[in-house]
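Here is an informal walk through one chain, to be read with the structure open. Take a look first, then follow along below.

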Amino acid sequence: MSLLKRINTGGGGTGNVSGGGSDPNAGRSSSSSAGGAGSSAGSPSLLSQNKAVIGQNARTGGSEKYMDLKTRVQGKLLSELDHQTMDPGRPNEIRVRIEELFNAILADESMFLSKGERHNLFEAIVAEILGFGPLEPLLADESVTEIMVNGPKNVFIEQKGMITRANVSFESDEHVMRILDRIVAPLGRRIDESSPLVDARLPDGSRVNAVIKPVALCGPTITIRKFSKKPLTVDDLIRFGSMTKEIAEFLRACIIGRLNIVVAGGTGSGKTTLLNVLSSFIPNNERIVTVENAAELQLRQEHVVTLESRPPNLEGKGQITIQDLVVNCLRMRPDRIVVGECRSGEALDMLQAMNTGHDGSLTTAHANTPRDTISRLEVMCLMAGMDLPVRAIREQIASAVDLICQQNRLRDGSRKIEKITEVQGMEGEVITMSDLFEFEQTGIENQKIIGRIRPTGLRPRFIGQIEDAGIHLPPSTFGIGRSY
């Protein structure tokens, strides 16, 4: 009988371990000595190697004595590792070195484990040293779209639009900080008491935001917005009911016709996903420059230049803002400019770019309605620091923006295009707009909202620009000649 089986049998542990595998809870927590590996970054290949065993660890419980065994082996292994001679950029070599020390430690300690137990224990320890610890099973689960760590013991996830508590936890604040350091360190970013906020991304492109003490009173708080390894396509959005086939054809025509589009919506409403889909309609022979706080757009075209903002360094210098990047990208001969999100004064530079020959640009903005989007753009332009009259700003907006796509997350967790609105121009002091498509709720069935996205029967004024691009949309696209 192996050592692990004797521990579980003699100690009355809850783990029921067969010869084929170790206690499934092996990957849940680690000794505080694991912090010594904070400088080693995880890699996508390593995460994929570990995800099966870590996923099993997350789903079932294990005995405390087995965890003690794992902690002792892991602690001794870390003490034997020479971090000065190990290159984080070569995870496969590190893995081989860890395996050599792991086998030596088991032999020195006279720990006799079956082949399956040895494999699972090794994979769990490697995940703590080179991976993202308790977050690994959640990152590997394709159904999880968002991960929210509210301190070490409170981890929540979003699945199918609904938020639930996850069956994982960290040991302590220090354990969360070790994993967080492993995320931000490879990107050249930092998080500490003097700089308690950080935006980062995982190797797969998922967006990470972290807040620590003294700002976050409940402990280190991490929010991870996951993106599918296979980006959603327009066909996926049609299948999900987020849009109709007619709307997809209309938006494709608008992109090819080089209309300027703002995707608006609240947090988690699917703005970036829709922006990705719209970007996929851009012809492959055009030069695209993207500007983002944390690179998360997944464009498939060949000629794409990705720019990312940079926070200030320890001396408070070297900051590169979104506004700086928007101004710079105008000198990079872009055919299309895609700004991940307008939050501040960069909105003015974006509008000027749209008005000075860079047609077909795309961006997103936080707003609840198309009318609110116009108001938000006005406020953001004022944040640029220039003393401009409101009418001048409104004229810039009315001239630059052609279309607003309003995305919304409904009460049942589904995400849909709620309105597609044309910006028509100015009448006096007011920007005039007209809804081309809108979502109409017809009822609720099994706690799911039932409805349809229907055209309003109005043809956009820019239809001539679309036809000049060689695209002719039938009148039925806009509900003309159809009954609802």
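## Helices on a sheet

Helix 13 (residues 370-382) lies across strand 7, strand 11, strand 12, strand 13 and strand 14, and runs at about 135° to strand 14. Keep in mind that this is a predicted model.

What order do the strands of the open sheet follow? There are 9 strands in it, arranged 9-8-10-11-7-12-13-14-15, with mixed pairing. Strand 9 (304-308) and strand 15 (448-455) sit at the edges, each pairing on one side only. On average, neighbouring strands of this sheet are turned by 25° against each other, direction ignored.

Helix 9 (residues 245-256) packs on this sheet too. Its contacts are with strand 7 (261-265), strand 10 (336-339), strand 11 (362-366), strand 12, strand 13, strand 14 (430-445) and strand 15, and its direction makes about 45° with that of strand 13.

For a closer view of one pairing, go to strand 12 (residues 403-409) and strand 13 (residues 415-427): they pair in the antiparallel sense over 7 bridges. Here Asn408 stands opposite Lys416 in strand 13.

Zooming out, the chain has 15 helices and 15 strands. Of its 484 residues, 52% count as buried. Among contacts with a separation of 6 or more, 61% come from residues 24 or more positions apart. Helix 10 (residues 271-279) is mostly covered, with 8 of its 9 residues buried; Leu274, Leu275 and Val277 are among them, and so are Lys271 and Asn276.

## A buried glutamate

Glu292 lies in strand 8 (residues 288-292). Which side chain of opposite charge is nearest to Glu292? That is Arg207, 7.5 Å away, and Glu292 is buried yet has no salt bridge. A polar atom of the Glu292 side chain does lie 3.0 Å from the backbone nitrogen of Leu297. Leaving aside neighbours within four places in sequence, Glu292 is in contact with Leu297, Thr306, Leu307, Glu308, Ser309, Ile322 and Gly340.

## Salt bridges

The structure holds 19 salt bridges. Three of them are set out here, with N to O distances.

| Positive side chain | Negative side chain | N to O distance |
|---|---|---|
| Lys213 | Asp173 | 3.3 Å |
| Arg190 | Asp192 | 3.2 Å |
| Lys419 | Asp435 | 3.4 Å |

Why does the Lys213 and Asp173 pair tie together parts that are 40 residues apart in sequence? Because Lys213 lies in the loop between strand 5 (207-211) and strand 6 (221-225), while Asp173 is in helix 7 (residues 173-184). Lys213 is partly exposed, with a relative accessible area of 43%, and Asp173 is partly exposed at 22%.

In the second pair, Arg190 is partly exposed, with a relative accessible area of 26%, and Asp192 is likewise partly exposed at 26%.

The third pair, a salt bridge between Asp435 and Lys419, links distant parts of the chain: Asp435 is in strand 14 and Lys419 in strand 13, 16 residues apart. Asp435 is partly exposed, with a relative accessible area of 22%, and Lys419 counts as partly exposed at 28% relative accessibility. There is also a network to trace: salt bridges that share partners join Glu438, Glu440, Arg452 and Arg454 into one.

Methods: Residues are numbered from 1 along each chain as its sequence is written. This is a predicted model: local features need pLDDT of at least 70, side-chain atom pairs count only at pLDDT 80 or more; totals for chains, interfaces and linings use all residues. Side-chain values use heavy atoms; hydrogens and water are left out. Two strands pair if DSSP finds at least two bridges between them. Helices (H or I, at least four residues) and strands (E, at least two) are DSSP runs, numbered from the N terminus. Axes are lines fitted to C-alpha atoms, for helices over the stretch in contact, and angles run from 0 to 180 degrees between N-to-C directions. Contact means heavy atoms within 4.5 Å. Buried means under 20% relative accessible area, exposed over 50%, partly exposed in between (1.4 Å probe, protein chains only). Lys and Arg count as positive and Asp and Glu as negative; His and the chain ends are not counted. A salt bridge is a side-chain nitrogen of Lys or Arg within 4 Å of a carboxyl oxygen of Asp or Glu. A polar contact is a pair of N or O atoms within 3.5 Å; within protein, one must be able to donate a hydrogen and the other to accept it, and residues adjacent in sequence count only if both atoms are side-chain atoms.
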